[in-house]
Amino acid sequence: MPGEFKIIERIRKAAGRPSGALVLGIGDDCAAFRPSPGCETLSTSDMLVEGVHFRLSQGLPAVGYKSMAANISDILACGGKPLYALAAVGLPEKGAMRTALSLYSGMRKCADKFGVRIIGGDTVRSDKLVISITAIGEAAGGKTVTRSGAKPGDYIIVSGELGNGSAALKKNKAWLPPLRPELSFELCGRSLVSSMIDISDGLSSELYHLCEESGTGALIYEELVPVSKAALNISGGIRRRALSAAFSGGEDYELLFTVPAEFLGTALKLGRRHAKLSVLGRMLPARQGVKLFGSGKMKVLPRGGYDAFI
Ligand SMILES: [Mg+2]
């Protein structure tokens, strides 16, 4: 692509010089960093395609921010500290430089906010805008939190409020997820959490992932699900409709995690210094399935679907 090197050069200048544990940054064949002794390296990547995961009308800086946030969120969901990111972007030829810089400004804003350095990437020509970010982080040895550690009896907790991502998408606005690094460090650093996942696709499907990986069932109570004001507003103030955004809307990037009963008090006390926390229910043996109690009835929790609750 004409101008590719110019784009990389501009981004390289904006990224600054390597320092600290970063030995080599943008511009060489590889980036190089020194891992912290005794830590596990975490890596994750996420690809977003124009028209599928975002619309240009949401604004390029916001799209850049969100794509970086989605990756940082995955590192936090493993109890890790996010450190570095690589950004590969497919750019339509028309206005490529402007698009790249505008997108990069949003990525950089998010990266800076959460202490992440962009250390490399690639640009190619593409019919549609495509963004693929890889994030790298680390967790103290043995402290990486997985989706598979929950046991029957563990309490199920969610941070923040749900439905913001979905409400913003419906209004064609950008949603900049808050992310919860302090909450993740505090609870995972003290080994209070038995399993954790970030909510990228909605409470329902993420709870199913936790149950499948942990080999458990779950029971959550509809009335305990924290629904955001934005979700209520787009639902005409009707909570049952807003619940649809919480359960299956996605893009909230809140943390869903389980805590053994003996740690519940400590986890809530410490965690609530950093974020609103709602206890939704408890994990069950697998044979009892994934259940939702609401309006006096026990039902199987629908796995997804925007209309499941309307
Ligand atoms: Mg995730």
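Biologist: Over how many bridges do strand β4 (residues 81–91) and strand β6 (residues 130–140) pair?
Modeller: This is a predicted model: local features need pLDDT of at least 70, side-chain atom pairs count only at pLDDT 80 or more, and totals for chains, interfaces and linings use all residues. Residues are numbered from 1 along each chain as its sequence is written. Two strands pair if DSSP finds at least two bridges between them. β4 and β6 pair in the antiparallel sense, and the bridge count is nine.

Biologist: Which residue of β6 stands opposite A87?
Modeller: Strands are DSSP runs (E, at least two residues), as are helices (H or I, at least four), numbered from the N terminus. Opposite A87, in β6, stands I133.

Biologist: In what order do the strands of the four-stranded sheet lie?
Modeller: That sheet is open and its pairing is mixed. The order is β3-β6-β4-β5.

Biologist: Why is one side of β3 (39–49) and of β5 (117–125) left without a neighbour in the sheet?
Modeller: Both strands stand at the edges of the sheet. One side of each is left without a neighbour because each has a single partner strand.

Biologist: What is the average angle between neighbouring strands there?
Modeller: Axes are lines fitted to C-alpha atoms, for helices over the stretch in contact, and angles run from 0 to 180 degrees between N-to-C directions. Here direction is ignored, and the average is 15 degrees.

Biologist: Which strands form the edges of the seven-stranded sheet?
Modeller: The order is β8-β10-β7-β11-β9-β12-β13, in an open sheet with mixed pairing. Two strands pair on one side only: β8 (195–198) and β13.

Biologist: Which residue of β10 stands opposite Y155?
Modeller: Strand β7 (residues 155–159) runs antiparallel to β10 (residues 255–259), and four bridges join them. Y155 faces V259.

Biologist: Which turn residue between β12 and β13 has a positive phi?
Modeller: β12 (residues 290–294) and β13 (residues 297–300) are antiparallel, joined by four bridges. K291 has V300 as its bridge partner. The two strands form a hairpin with two residues between them. A phi of about 50 degrees belongs to S295.

Biologist: At what angle to β8 does helix α2 (residues 60–77) run?
Modeller: α2 has 18 residues and reaches 26 Å from first to last C-alpha, close to the expected 26 Å (1.5 Å times one less than its number of residues). The helix lies across β8 and β10. Its angle to β8 is about 175 degrees.

Biologist: Is K66 buried or exposed?
Modeller: K66 lies in α2, where 18 of 18 residues are buried. Buried means 20 or more other C-beta atoms within 10 Å of a residue's own, exposed 12 or fewer, partly exposed in between, with C-beta atoms placed from the backbone. With 25 such atoms within 10 Å, K66 is buried.

Biologist: Which residues does K66 contact, leaving aside neighbours within four places in sequence?
Modeller: Contact needs C-beta atoms, placed from the backbone, within 7 Å. K66 meets that with A174 and L176.

Biologist: How far apart are the centres of domain 1 and domain 2?
Modeller: The bounds come from an automatic or database domain assignment. Domain 1 covers 4–140 and domain 2 covers 155–300. Taken over C-alpha atoms, the separation is 27 Å.

Biologist: How many residues does domain 2 bring to the contact?
Modeller: Domain 1 contributes 16 residues. For domain 2 the number is 15.

Conventions. Two residues are in contact if their C-beta atoms, placed from the backbone, lie within 7 Å.
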